[in-house]
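Here is a short set of questions on one structure. Please look through it before reading on.

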Amino acid sequence: MPRCSMGLFSDICSCLRRRLSATTSDGSAADDAEEDSSSLFYKLETLQIATNFFSELNQLGHGGFGPVYKGLMSNGQEVAVKKLSLTSRQGLKEFTNEVKLLLRVQHKNLVMLLGCCVEGPEKMLVYEYLPNRSLDYFLFDKKQSPLLDWRRRFYIVKGIARGLLYLHEEAPERIIHRDIKCSNILLDDQLNPKISDFGLARLFPGEETHLNTFRISGTHGYMAPEYAIHGYLSVKTDVFSFGILVLEIVSGRKNHDKLLGADKADLLNYAWRSFQAEKSLELVDASLDKYSPEEAAICIRLGLLCCQASVVERPDMNSVHLMLSSDSFSLPVPGKPGVHGRVGHWTTTTSTAFTNNTNGTSTQTGGTTKASTSSIFMEEYSRNSMSYSSIDEGR
């Protein structure tokens, strides 16, 4: 096995041992880790047979990482094999990152990593197979979108929120996904959402809440302005992307569609103008036979709140979860949203925007400290304008 593959094998095994050691109190942790480490790695020959030697007929899709194939294991288990392309814009670092992160987390709204293959130049990830592909396959296809009735769409929104809440607040260490979008939300046989593709995710150890980076990675149209322009990365980066995603789910259209004309081409601006004119429900997908006006209005307002220009004006995922699940949570009136992508300006103003009528608490993480209050986070954030070196417009 080449040196880089040996290093990756050792790195992943070490990560697995740490996870098992943390959850096993008896002396069998090391032995269990060795056994689970070996089962985590698939032989190249096994995956070749499972995918019919990576036949085009078995290909499920293709991203910046490389193609994804459906596989059938000898025991009858269906899997999805994500194969790192030798010409991929991503590389061993992103591959290792995804494996190590997914070994740390487990949640019903996150895709499950079954194992990987690191033989020779081949690098592959093996996931649970989800038969209904990704959310965009249904949402943006007029023939498929009727299968997503309002009840299912609202359920998907809540499921994605639960998955992000876990990553931000409940996982062993805080994880920022950095690429929340429709194509990275997979659907199982019951159309339950699962967040996938952790190649760009960042781990925030300890009590760290943000960092400044020169390497901007994500997808144009979903990126928060402070991250795209200034490299300021925090949990609120994911919140912004989630806001765009919610508006897409409600409207059944992409965040930018030039075929709709100048007034409606940009979904976020169109949603904001409709909200100002008290015509928010005009945003709802016309293909829906029926829907809940109350829930749709909540989702639209929530989407706008998540896309506020100021980092501290956005709710954290704990507040988002409360907004979606509690009748006693008052949604504040959103201000003008930020400009997504790589252009535009963002403000540094603060406010006491969130009011929780329940006795619960909410944690907002938007600056250099983490505070637990009754859903109110106050912090003045300012920094000098900073140039960035490059930007990845998605995969």
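The questions below cover the sheet, the salt bridges, the open and closed spaces, and one loop residue of this predicted model.

Q: What is the order of the strands in the open sheet of five strands?
A: Strands of a sheet pair through backbone hydrogen bonds, either parallel or antiparallel. Here the pairing is antiparallel. The twist averages 25 degrees from one strand to the next. The order is β1-β2-β3-β5-β4.

Q: Which are the edge strands?
A: An edge strand pairs on one side only. The order of the sheet runs β1-β2-β3-β5-β4. The edge strands are β1 and β4.

Q: How many residues of β4 are buried?
A: Buried here means under 20% relative accessible area. β4 spans 113–117 and is mostly covered. The count of buried residues is five of its five.

Q: Over how many bridges do β4 and β5 pair?
A: The two strands run in the antiparallel sense. C117 stands opposite M124 in β5. The pairing of β4 and β5 extends over four bridges.

Q: Which residue in the hairpin of β4 and β5 takes a positive phi?
A: The hairpin has six residues between the strands. One residue there has a phi near 55 degrees. That residue is G120.

Q: How many salt bridges does the structure hold?
A: Side chains of opposite charge can pair when their charged atoms come close. The cut-off is 4 Å between a side-chain nitrogen of Lys or Arg and a carboxyl oxygen of Asp or Glu. The structure holds nine.

Q: With which residue does K83 form a salt bridge?
A: The closest N and O atoms of the pair are 3.2 Å apart. K83 sits in strand β3, and its partner is in the loop between β4 and β5, 39 residues apart. The partner is E122.

Q: Is E122 buried or partly exposed?
A: Buried requires under 20% relative accessible area. K83 is at 17%, so K83 counts as buried. E122 is at 21% relative accessibility, so E122 counts as partly exposed.

Q: How many residues apart in sequence are the parts that E128 and K194 tie together?
A: E128 and K194 form a salt bridge, with the closest N and O atoms 3.8 Å apart. E128 lies in strand β5 and K194 in strand β8, so the pair ties together parts that are 66 residues apart.

Q: Why does K194 count as buried?
A: The limit for buried is under 20% relative accessible area. E128 meets it at 18%. K194 is buried because its relative accessible area is 11%.

Q: Which residue meets K181 in a salt bridge?
A: The N to O distance is 3.8 Å. Both partners are buried. The residue that meets K181 is D179.

Q: Which residues are joined into one network by salt bridges that share partners?
A: A network arises here where salt bridges share partners. The residues joined are K82, E98 and D197.

Q: How much space lies in the largest cavity?
A: A search of the whole structure finds two cavities of 30 Å³ or more. The lining of the largest cavity includes R178, D179, I180 and Y222. By class, that lining has three nonpolar, three polar and two charged residues. The space is about 40 Å³.

Q: How much space lies in the largest pocket?
A: The largest pocket is lined by 28 residues. Of these, G61, V68, S183, L186 and S196 lie nearest its centre. The lining has ten nonpolar, nine polar and nine charged residues. The space is about 650 Å³.

Q: Which strand supplies the largest share of the lining of the largest pocket?
A: β1, β3 and β5 each supply at least two residues. The largest share is three residues. That share comes from β1.

Q: Is L331 buried or exposed?
A: L331 is found in the loop between β13 and β14. Its relative accessibility is 19%, and buried means under 20%. L331 therefore counts as buried.

Q: What distance separates the C-alpha atoms of L331 and L302?
A: L331 and L302 are 29 residues apart along the chain. Their C-alpha atoms are separated by 7.7 Å.

Conventions:
Residues are numbered from 1 along each chain as its sequence is written. This is a predicted model: local features need pLDDT of at least 70, side-chain atom pairs count only at pLDDT 80 or more; totals for chains, interfaces and linings use all residues. Side-chain values use heavy atoms; hydrogens and water are left out. On a 1 Å grid over the protein atoms alone, a cavity is a set of points where a 1.4 Å probe fits but cannot get out, and a pocket is an open set with protein on both sides within 12 Å along at least five of seven lines; lining residues have an atom within 4 Å of a point. Grid points are joined across faces, edges and corners, and a volume is the space filled by probe spheres set on the points. Ala, Val, Leu, Ile, Met, Phe, Trp, Tyr, Cys and Pro count as nonpolar, Asp, Glu, Lys and Arg as charged, and the others, Gly among them, as polar. Buried means under 20% relative accessible area, exposed over 50%, partly exposed in between (1.4 Å probe, protein chains only). Two strands pair if DSSP finds at least two bridges between them. Axes are lines fitted to C-alpha atoms, for helices over the stretch in contact, and angles run from 0 to 180 degrees between N-to-C directions.
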